[in-house]
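Morning, everyone. I have one structure to walk through today. Let me put it on the screen.

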Amino acid sequence: MAENLGPAGEMLWNALESDTKSFETGVLVLEACRIADRLEHLARILDGDIDIWARIAKARDGELELRVDGALQEARQQAGTLRQLLATIAGRRGAPEPDDEDGLADL
């Protein structure tokens with residue numbers, strides 16, 4: 001099932017998939033893995049490893065403008081979504097929700 005995942009997603013899949021007993025939880029685990037891969041990609045953009053953080057585009061009036069991607073904002077949103085998914089998965093499994101002590105609240 002993890003064949004289309006990147007390294008971060010596959011690592012999360014391996015950590016979470018073995019306890020997946022229901023289809024619904026499996027879908028949540030897969031989406032969490034996809035988000036982990038997106039976060040890895042966004043981190044590479046923010047680190048400058050990928051040159052897709054800005055582009056030049058033609059505005060409606062014909063002027064050229066520099067458009068900067070919202071990679072940092074998107075990374076924050078994806079991290080929040082991942083945190084919520086992990087809490088939901090933990091709740092479905094009867095585990096305590098992530099908190100500051102286990103480090104997952106900092107994602």
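Let's start from the outside. The protein chain exposes about 7,500 Å². Carbon and sulfur atoms supply 51% of that area. One caution before I go on: this is a predicted model.

Now the overall layout. The chain has 107 residues, and buried residues make up 31% of them. The secondary structure comes to three helices and two strands. Reading from the N terminus, the order is α-α-β-β-α. What about contacts across the sequence? Take contacts between residues at least 6 apart in sequence: 52% of them join residues at least 24 apart.

Next, helix α2. It covers residues 23–46, so to speak the main character of this talk. It has 24 residues. From first C-alpha to last it reaches 35 Å, close to the 34 Å expected at 1.5 Å a residue. Just after α2, Gly 48 takes a positive phi of about 85°.

Which residues of α2 are buried? Among them are Thr 25, Gly 26, Leu 28, Ala 32, Cys 33, Ile 35, Ala 36, Asp 37 and Leu 42. Note that Thr 25 and Asp 37 are on that list. And what do the buried residues of α2 pack against? Two helices: α1, residues 7–16, and α3, residues 71–92.

That brings us to the core. The largest nonpolar core has 16 residues. Which of them touch the most other members? Leu 12 and Ala 32. The elements that give two or more residues to this core are α1, α2 and α3. Helix α2 gives the most, with seven residues.

Look at Leu 12 in more detail. Leave aside its neighbours within four places in sequence. Leu 12 is then in contact with Ala 32, Cys 33, Ala 36, Leu 82 and Leu 86. Apart from this core lies another one, of five residues. Leu 42, Ile 45, Ala 71 and Ala 75 are among its members.

Now over to α3. Two residues there are worth pointing at. Gln 78 lies in this helix. Is Gln 78 buried or exposed? Its relative accessibility is 12%, so it counts as buried. Again leaving aside neighbours within four places in sequence, Gln 78 is in contact with Ile 35, Arg 38, Leu 39 and Leu 42.

Ala 79 is also found in α3. Ala 79 counts as buried because its relative accessibility is 11%. Where is Leu 39 relative to Ala 79? They sit 40 residues apart along the chain, yet their C-alpha atoms are separated by 7.2 Å.

On to charges. How many salt bridges does the structure hold? Three. Arg 34 pairs with Glu 31, the closest N and O atoms being 3.5 Å apart. Both lie in α2, three residues apart, which is about one turn of the helix. Glu 31 also meets Arg 38 in a salt bridge, at 3.5 Å from N to O. Glu 31, Arg 34 and Arg 38 are therefore linked in a network of salt bridges.

How accessible are these three? Arg 34 is partly exposed, with a relative accessible area of 40%. Glu 31 is partly exposed too, at 26%. Arg 38 counts as partly exposed at 36%.

The remaining bridge joins the side chains of Glu 40 and Arg 44, at 3.9 Å from N to O. These residues are four apart in α2, so about one helical turn separates them. Glu 40 counts as partly exposed at 28% relative accessibility. For Arg 44 the value is 34%, again partly exposed.

Last stop: back to the surface. Which residues form a nonpolar patch there? Ile 56, Leu 64 and Leu 66. Together they have about 370 Å² of accessible area. Leu 64 has its place in strand β2, residues 64–68. Leu 64 counts as exposed, because its relative accessibility is 63% and the cut-off for exposed is over 50%.

That's the tour. Questions, please.

How values were computed:
Residues numbered from 1 in each chain as written. Predicted model: local features only at pLDDT ≥ 70, side-chain atom pairs only at ≥ 80, totals over all residues. Heavy atoms only, no water. Expected span 1.5 Å × (residues − 1). Buried < 20%, exposed > 50% of the residue type's maximum accessible area, 1.4 Å probe, protein only. Contact = heavy atoms within 4.5 Å. Core = buried A, V, L, I, M, F, W, Y, C linked by side-chain atoms within 4.5 Å. Areas by Shrake-Rupley, 256 points an atom, 1.4 Å probe, with all protein chains shown as cover. Patch = residues over 30% accessible without salt bridge, like charges linked within 9 Å, V, L, I, M, F, W, Y side chains within 5 Å. Salt bridge = Lys/Arg side-chain N within 4 Å of Asp/Glu carboxyl O.
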